[in-house]
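Here's a walk through one protein model, written for someone who would rather look at the fold than read tables of angles. Keep the structure open while you read.

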Amino acid sequence: KKRIFALPIGIDPVFLSHREEPRTRDILFVGGWTRLKGRVHLVEIIKKLSVYNITASIIGTGIYEKRVLADFPEAIRGRIRVVKYLPRDLLKREYISHKIFLFPSLFEGYGNVVLEAMASGMVVVISKDLGVSEIIEDGYNGFLIEKRDVEGFAKKVKDILNNETIRNKIGENAQKTIRHMTWDAAAEIFIK
């Protein structure tokens, strides 16, 4: 045990900046459009929430918009933005313009996108038992939902969207949690 050292993960401090504009978009998902990232469940969650006229952005799919939108009913496609790839500086703008980071992934090594969303003050609603789940205190700095629980995800997102006070508090707590997790801090620990 004395010869094993776990180096903590870090994030780019650019994501720690404060937002200056109101969050005008509802849901953000960042990740490849695959089954392991929870694509099937994400579609079902958004379909359930569509009665509330939510907007959703799906970023970093790795495939074309037309292919992603084909998974959704035609009636709600107009409220869904799809971006195949986005450079980091533009990704930061996405984090600070959305209210909720939705991540119903089935498997994830760690998931830097969750940390980036938290650093940006977003409320994260993610699957339990992902690598990054270990830093989420359910109801304090984010929310953990059982994998594949479409109803649970949809209900939690609806509740959060309807409560700006909770969104602000959870977002602040998320930012506090992540503030010390930069790559510089990880490098300093490694050097010591």
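What follows goes from the sheet to the helices around it, then to some side chains.

Keep in mind that this is a predicted model.

**The sheet**

Start with the open sheet: six strands, in the order β3-β2-β1-β4-β5-β6, with parallel pairing. Which strands stand at the edges? They are β3 (80-83) and β6 (143-145), and because each has a single partner strand, one side of each is left without a neighbour in the sheet. From one strand to the next, the twist averages 20 degrees. As general background, strands of a sheet pair through backbone hydrogen bonds, either parallel or antiparallel.

Now go through the pairings, beginning at the β3 edge. Strand β2 (residues 56-59) runs parallel to β3, and four bridges join them. Here Ala-56 stands opposite Ile-80, and Ile-58 stands opposite Val-82. On its other pairing, β2 meets β1 in the parallel sense, again over four bridges, with Leu-28 opposite Ser-57. To get from β1 to β2 the chain goes through helix α1 (residues 39-49), and this β-α-β crossover is right-handed.

Next comes β1 with β4, a parallel pairing over three bridges; Ile-27 has Ile-100 in β4 as its bridge partner. Then β4 and β5 run parallel and are joined by four bridges, and in β5 the bridge partner of Leu-102 is Val-125. With helix α4 (residues 112-119) included, β4 and β5 make a right-handed β-α-β unit.

Here are those residue pairs side by side:

| Residue | Opposite or bridge partner |
|---|---|
| Ala-56 | Ile-80 in β3 |
| Ile-58 | Val-82 in β3 |
| Leu-28 | Ser-57 in β2 |
| Ile-27 | Ile-100 in β4 |
| Leu-102 | Val-125 in β5 |

**What covers the strands**

How is β2 covered? On both faces: Ala-56 and Ile-58 on one side are buried, and so are Ser-57 and Ile-59 on the other. β4 is mostly covered as well, with six of its six residues buried.

Two helices lie across part of the sheet. Helix α5 (residues 150-161) lies across β1 (25-30), β4 (98-103), β5 (123-127) and β6, and runs at about 170 degrees to β4. Helix α6 (residues 164-178) lies across β4, β5 and β6, and its direction is about 80 degrees to β5.

Back to α1, the helix in the crossover from β1 to β2. Its buried residues are Arg-39, His-41, Leu-42, Val-43, Ile-45, Ile-46 and Leu-49. What covers them includes β1, β2, α2 (65-69), β3, β4 and α5.

**Aromatic rings**

There are six aromatic pairs in the model. One of them is Phe-29 with Trp-33, an edge-to-face pair at 6.4 Å centre to centre and 80 degrees between the planes. Are these two residues buried or exposed? With a cut-off for buried of under 20% relative accessible area, Phe-29 counts as buried at 1% and Trp-33 as buried at 5%. Ring pairs also tie Phe-29 and Trp-33 into a cluster with Phe-15, Phe-72, Tyr-95, Phe-101 and Phe-103.

Another ring to look at is Tyr-64: Lys-84 lies over its face, at 3.9 Å from the ring centre.

**Two buried residues worth clicking on**

The first pick is Glu-94, in helix α3 (residues 88-97). At 9% relative accessibility, Glu-94 counts as buried. Which residues does Glu-94 touch, not counting those up to four places away in sequence? The list is Arg-25, Leu-28, Ser-57, Ile-59, Arg-81 and Leu-86. Two of these names came up earlier, since Leu-28 stands opposite Ser-57 in β2.

The other pick is Val-132, in the loop between β5 and β6. Its relative accessibility is 0%, so Val-132 counts as buried. Leaving aside neighbours within four places in sequence, Val-132 is in contact with Tyr-110, Gly-111, Val-114, Leu-115 and Ile-126. Val-132 and Phe-5 are 127 residues apart in sequence, and their C-alpha atoms are 18 Å apart in space.

Terms used. Residues are numbered from 1 along each chain as its sequence is written. This is a predicted model: local features need pLDDT of at least 70, side-chain atom pairs count only at pLDDT 80 or more; totals for chains, interfaces and linings use all residues. Side-chain values use heavy atoms; hydrogens and water are left out. Two strands pair if DSSP finds at least two bridges between them. Axes are lines fitted to C-alpha atoms, for helices over the stretch in contact, and angles run from 0 to 180 degrees between N-to-C directions. Contact means heavy atoms within 4.5 Å. Buried means under 20% relative accessible area, exposed over 50%, partly exposed in between (1.4 Å probe, protein chains only). A crossover is right-handed if, with the strands pointing away from the viewer, the path from the first strand over the helix to the second runs clockwise. Rings of Phe, Tyr and Trp (its six-membered ring) pair if their centres lie within 6.5 Å; planes under 30 degrees apart count as stacked, over 60 as edge-to-face and the rest as tilted. A charge sits over a ring if NZ of Lys or CZ of Arg is within 6 Å of the ring centre and within 35 degrees of the ring normal.
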